[in-house]
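Reader: Could you take me through a close look at the largest cavity and what surrounds it? I'd like the cut-offs along the way, please.

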Amino acid sequence: MAVILVTGSSTGIGQETALHMARAGHTVYASVRNPEGASELHQRIADENLALNVLRLDLTDAESIDTAVAEIMAAEGRIDALVANAGIGAGSSVEETPLEVAREIFETNYFGNISLLRAITPIMRAQRSGRIVMVGSLAGRYAAGCHGHYSASKWAMEGLCESLAQEMAEFGARVSIIEPGCVATPMWT
């Protein structure tokens, strides 16, 4: 069975992915920004009596990324797969979006994932295996009005993943991006 890190696991796609992988018998580390606030995740783990590890990882905090990855490596000695799901959304017109909000979207959705990849890819290179699944968005292929900054951050992830896939191929690690359409998750609130 694989050792899998799933980011953004407190709700939505990340939570469902982490639970699914744990049910299948994998060793899963479900990361969230605030473990104490992930009551739904903790409740579902308890209800199903799943062996699923919850840890703190905030994409905008490089130290939390390094700490989480070090914790997994200390316990398991490897990371076989990363499902990079964490991200934020925002919707308003380009002219009405404060620059700080646009920066926050990119700090989380793009630069935060770069920090995460910089922590994970050396491990997979050394292992000469691994699987990275980036959760993008259909907005990374088709922009919609009032979602310009979100779409731009997801378009940036698209290009990054295409390049990363080429870089990691010679080390036996595969990179994919999935692009779900609208999914009713708490991110919409």
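Author: Happy to! The largest cavity has a volume of about 40 Å³. A cavity here is a set of points, on a 1 Å grid over the protein atoms alone, where a 1.4 Å probe fits but cannot get out; grid points are joined across faces, edges and corners, and the volume is the space filled by probe spheres set on them. The structure holds one cavity of 30 Å³ or more. This is a predicted model, in which local features need pLDDT of at least 70 and side-chain atom pairs count only at pLDDT 80 or more, while totals for chains, interfaces and linings use all residues. Residues are numbered from 1 along each chain as its sequence is written, and side-chain values use heavy atoms, leaving out hydrogens and water.

Now the wall: A84, A86, N113, M134, V135, G136, K154 and M157 line the largest cavity, lining residues being those with an atom within 4 Å of a point. By type, five of these are nonpolar, two polar and one charged, with Ala, Val and Met among the nonpolar types, Lys among the charged ones and Gly counted as polar.

β5 (130-135) and α5 (148-169) each supply at least two lining residues; helices (H or I, at least four residues) and strands (E, at least two) are DSSP runs numbered from the N terminus. From V135 we can step into the sheet, since its bridge partner in β6 is I178. Six bridges join the parallel strands β5 and β6, where pairing takes at least two DSSP bridges. Both belong to an open sheet of six strands, ordered β3-β2-β1-β4-β5-β6 with parallel pairing. β3 (52-56) and β6 (173-178) are its edges: each has a single partner strand, so one side of each lacks a neighbour in the sheet.

Note on methods: 1 Å grid on protein atoms, 1.4 Å probe; cavity = no way out; pocket = protein on both sides within 12 Å on 5 of 7 lines; lining within 4 Å.
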